[in-house]
Amino acid sequence: MRYIFTLLILLISISAFSGQYAKEANDNPFLNGELNPKYEGELTALSGDIVEIIDGHKGKKLYKLNLNIAGLKHIWVTSFAPFAEGEITINSKLIFRGYIATSDGLDSTGKLKLKIESETLLLALKADSVK
């Protein structure tokens with residue numbers, strides 16, 4: 001009984017963080033080769049190679065991720081909190097977990113959108129090395 005109660009609480013907690021498009025975003029978060037802005041705020045994970053690192057919005061780093069999937073453009077990634085210095089480098093193979101975000105949602109001035117030339121990016125919570 002205790003196991004069932006714990007499992008029920010866990011499922012309720014996970015679904016509390018899911019938005020109305022969670023399943024769709026998890027199945028295919030892309031539109032026209034980029035992250036779909038319809039899924040803003042939904043959790044997803046992306047895996048690929050870092051091909052560029054630039055200074056970005058509000059002093060945070062921006063990481064250009066090559067997903068190595070035909071038909072998909074490079075996806076820009078930033079983070080809630082900075083990653084440790086040197087943790088992410090060019091050619092790093094990483095899995096980022098985070099929220100789909102719009103550039104205008106993160107920066108209403110439009111500077112971020114101009115810098116990344118994209119309407120969307122991933123707002124990462126976590127990065128793990130691909131082994």
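Where is the place of F80? I looked this up first and found F80 in the loop between β5 and β6. I note here that I am working from a predicted model.

**Entry 1: the chain as a whole**

I began with the secondary structure, which comes to 4 helices and 7 strands. Reading from the N terminus on, I wrote down the order of the elements as α-α-β-β-β-β-β-β-α-α-β. I then looked up how much of the chain is covered, and of its 131 residues 34% count as buried.

**Entry 2: the barrel**

Next I followed the strands and found that 5 of them close into a barrel, in the order β3-β4-β5-β7-β6, with mixed pairing. From one strand to the next, the twist averages 55°. I reminded myself that strands of a sheet pair through backbone hydrogen bonds, and that they do this either parallel or antiparallel.

I took the pairings one at a time. Strand β4, which covers residues 61-66, is joined to β5 by 3 bridges, and these two strands run antiparallel; within this pairing, K64 has W76 in β5 as its bridge partner. On going further, I saw that β5 (residues 75-79) and β7 (residues 120-129) run parallel and are joined by 3 bridges. Here I looked up two of the contacts by residue: V77 has L122 in β7 as its bridge partner, and S79 has A124 in β7.

How many bridges join strand β6 to β7? I found 9 bridges between β7 and strand β6 (residues 93-102), and the two run antiparallel. T102 stands opposite T120 in β7.

**Entry 3: the cover on β5**

Since β5 had come up in two of the pairings, I checked whether its residues are buried or exposed. The strand is mostly covered, with 5 of its 5 residues buried. I then separated the two faces: I75, V77 and S79 lie on one side, W76 and T78 lie on the other, and all of these residues are buried.

**Entry 4: F80 and its surroundings**

I returned to F80, in the loop between β5 and β6. Its relative accessibility is 43%, so I list F80 as partly exposed, remembering that this class lies between the limit for buried, under 20%, and the limit for exposed, over 50%. F80 also helps to make a nonpolar surface patch of about 280 Å², together with L43 and L125.

I then turned to the aromatic rings, and noted that a pair of them is described by the distance of the centres and the angle of the planes. The structure holds 4 aromatic pairs. One of them is formed by F80 and Y99, and I recorded it as edge-to-face, with 6.2 Å centre to centre and 85° between the planes. Because F80 lies in the loop between β5 and β6 while Y99 lies in strand β6, this pair ties together parts that are 19 residues apart in sequence. Y99 has a relative accessible area of 22%, so I list Y99 as partly exposed too.

The rings of F83 and F96 have their centres 6.1 Å apart and their planes at 55°, so I wrote this pair down as tilted. It links distant parts of the chain, with F83 in the loop between β5 and β6 and F96 in strand β6, 13 residues apart. Both F83 and F96 are buried. When I looked for a cluster, I found that Y63, F83 and F96 form one.

**Entry 5: a look at P29**

Last, I looked up P29, whose place is in the loop between α2 (22-27) and β1 (30-31). Why does P29 count as buried? Its relative accessibility is 6%, so P29 falls within that class, the limit being under 20%. I also checked P29 against E42, which is 13 residues apart from P29 along the chain, and the C-alpha atoms of the two are separated by 9.0 Å.

Note on methods
Residues numbered from 1 in each chain as written. Predicted model: local features only at pLDDT ≥ 70, side-chain atom pairs only at ≥ 80, totals over all residues. Heavy atoms only, no water. Pairing = 2+ DSSP bridges. Patch = residues over 30% accessible without salt bridge, like charges linked within 9 Å, V, L, I, M, F, W, Y side chains within 5 Å. Areas by Shrake-Rupley, 256 points an atom, 1.4 Å probe, with all protein chains shown as cover. Salt bridge = Lys/Arg side-chain N within 4 Å of Asp/Glu carboxyl O. Buried < 20%, exposed > 50% of the residue type's maximum accessible area, 1.4 Å probe, protein only. Axes fitted to C-alpha atoms, helices over the stretch in contact; angles between N-to-C directions. Phe/Tyr/Trp six-rings, centres within 6.5 Å; stacked < 30°, edge-to-face > 60°.
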